[in-house]
Amino acid sequence: MAKSLADFLEELDSNAELKEAYLKNPVATAEKYGLANDDVALIKNKDWDAVQKQFENLGSDPKVHSY
Amino acid sequence: MLTKQEGSLVVVGTGISVAGQMTLLTRSVIENADIVFIGISNKVGENVVKKVNPNTVELNDLYTQGKSRAVTYQQMTDRIVDAVIAGQKVCAAFYGHPGVFVNPSHAAIKQVRALGLRAEMLPGISAEDCLVADLGIDPAAFGCQSYEATQFLFRDYTLDPHMTQIIWQIGLAGEATLGMLNADHCKVGLILYQEVLMELYPATHEIILYEAATMPLYGPKIQRFPLCELANCKPTLISTLVVPSLGLPDYHTGRLTKLGLTQEQVINYRKT
Ligand SMILES: C[S@@+](CC[C@H](N)C(=O)[O-])C[C@H]1O[C@@H](n2cnc3c(N)ncnc32)[C@H](O)[C@@H]1O
């Protein structure tokens with residue numbers, strides 16, 4: 001079974017070797033990690049908006065008011 | 001006889017990126033808590049926390065468009081404090097640094113301490129920390145003024161153009177109702193900012209709309225443009241506006257004299 005994009009993001013953010021491989025060759029690294037074809041396509045097309053939409057918590061950012 | 005466990009609170013920050021900016025101690029606090037409240041702005045980061053400790057409760061469900069954030073923050077604080085009162089070992093995890101531009105974290109700590117119970121905050125990596133790294137701006141180079149966009153507009157502050165300006169929540173600039181959960185209402189605020197800044201900087205002064213990378217797939221978003229185009233930029237809720245310094249001010253000869261120094265002397269001391 002394909003590995004999840006969320007797991008890939010977590011690993012990429014905490015494994016320097018994987019990050020280095022990704023920076024050199026994003027698509028091959030994503031494929032080798034075992035992402036599903038649709039997720040690899042997001043990376044191939046640099047469709048960061050779609051990735052952000054999938055994972056962001058809309059409107060949950062502000063945590064302060066101070067005026 | 002079993003005595004009831006006394007409640008306690010540790011507030012932690014998970015950093016700006018999804019997983020890698022969490023300190024070892026923060027991870028351990030999350031792991032050992034009875035319950036973890038989370039206010040994290042992306043689901044991968046949330047899942048990372050949930051994997052470390054499955055007993056998590058979200059705080060973000062309290063946001064509603066139109067409801068004042070002042071009310072939301074009070075409700076977040078109440079949720080956290082109630083769990084401490086119930087005798088639980090509570091962790092509250094916010095993204096970034098939990099004490100930087102975050103109301104409920106400070107409020108909860110204050111309330112828990114007022115109850116005579118233990119509460120502490122651990123530092124985390126904030127957007128400003130990422131900014132220093134990504135933009136190569138050392139706050140020491142020119143000094144730095146760092147403030148919330150709307151607060152600056154509403155209050156009679158003095159801006160020093162020799163210092164780097166770091167303006168938070170620019171996507172909510174001028175938004176008084178505290179009820180907006182998107183960055184679609186800042187146009188008037190941006191126009192006013194442009195006006196205020198142009199009294200102190202040339203129209204061509206390069207400014208920066210900055211977003212640290214929240215996902216490791218891509219780098220930070222760094223948009224550079226002249227000040228005269230500020231009113232047309234499109235910030236998001238995670239944008240921070242940076243106005244670089246005009247350069248160091250002149251030496252203050254009066255203070256140097258009081259210290260028994262001259263300008264020439266300090267210039268010589270600075271030489272490598
Ligand atoms: C409520 S504050 C929370 C800050 C957070 N606690 C921290 O430590 O960075 C939200 C503001 O932080 C800044 N911010 C949050 N995420 C950011 C990012 N990825 N890049 C740049 N600035 C960010 C923006 O100014 C945003 O409007």
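Here are legends for a few close-up views of this predicted model.

**View 1. The ligand site, shared between chains A and B.**
Which chains make up the surroundings of the ligand? Residues from both A and B do, so we're looking at a site that the two chains share. There are 22 residues around the ligand, and those that come nearest include His97(B), Val100(B) and Ala127(B). Ala212(B) and Thr240(B) are also among the nearest. Sorted by type, the shell splits into 12 nonpolar residues, seven polar ones and three charged ones.

**View 2. Backbone atoms of chain B beside ligand oxygens.**
Zoom in on the backbone here. Ala127(B), already listed among the nearest residues, has a backbone N or O atom 2.7 Å from an oxygen atom of the ligand. For Leu237(B), the distance from a backbone N or O atom to a ligand oxygen is 2.9 Å. Gln169(B) places a backbone N or O atom 3.0 Å from an oxygen atom of the ligand. As for cover, the ligand has 570 Å² of accessible area on its own, and the protein covers 99% of that.

**View 3. The cavity that holds the ligand.**
Where does the ligand sit? It takes up the space of the largest cavity.

**View 4. Cys91(B), a buried cysteine without a partner.**
How far is the sulfur of Cys91(B) from the closest cysteine sulfur? The gap is 20 Å, to Cys130(B), and that's too far for a bond because a disulfide needs the two sulfurs within 2.5 Å. Cys91(B) is buried, too, with a relative accessible area of 0%.

**View 5. Cys130(B), also in no disulfide.**
Turn to Cys130(B) and the nearest cysteine sulfur belongs to Cys144(B), 15 Å away. Is Cys130(B) buried or exposed? Its relative accessibility is 9%, so Cys130(B) counts as buried. Over all chains, the disulfide count comes to zero.

Note on methods: Residues are numbered from 1 along each chain as its sequence is written. Chains are lettered from A and ligands numbered from 1 in the order in which they are written. This is a predicted model: local features need pLDDT of at least 70, side-chain atom pairs count only at pLDDT 80 or more; totals for chains, interfaces and linings use all residues. Side-chain values use heavy atoms; hydrogens and water are left out. Buried means under 20% relative accessible area, exposed over 50%, partly exposed in between (1.4 Å probe, protein chains only). A residue is near a molecule or strand if one of its heavy atoms lies within 4 Å of it. A polar contact is a pair of N or O atoms within 3.5 Å; within protein, one must be able to donate a hydrogen and the other to accept it, and residues adjacent in sequence count only if both atoms are side-chain atoms. Accessible areas come from the Shrake-Rupley method with a 1.4 Å probe; for residues, only the protein chains shown count as cover. On a 1 Å grid over the protein atoms alone, a cavity is a set of points where a 1.4 Å probe fits but cannot get out, and a pocket is an open set with protein on both sides within 12 Å along at least five of seven lines; lining residues have an atom within 4 Å of a point. A molecule sits in a cavity or pocket if more than half of its atoms lie within 2 Å of its grid points. Ala, Val, Leu, Ile, Met, Phe, Trp, Tyr, Cys and Pro count as nonpolar, Asp, Glu, Lys and Arg as charged, and the others, Gly among them, as polar.
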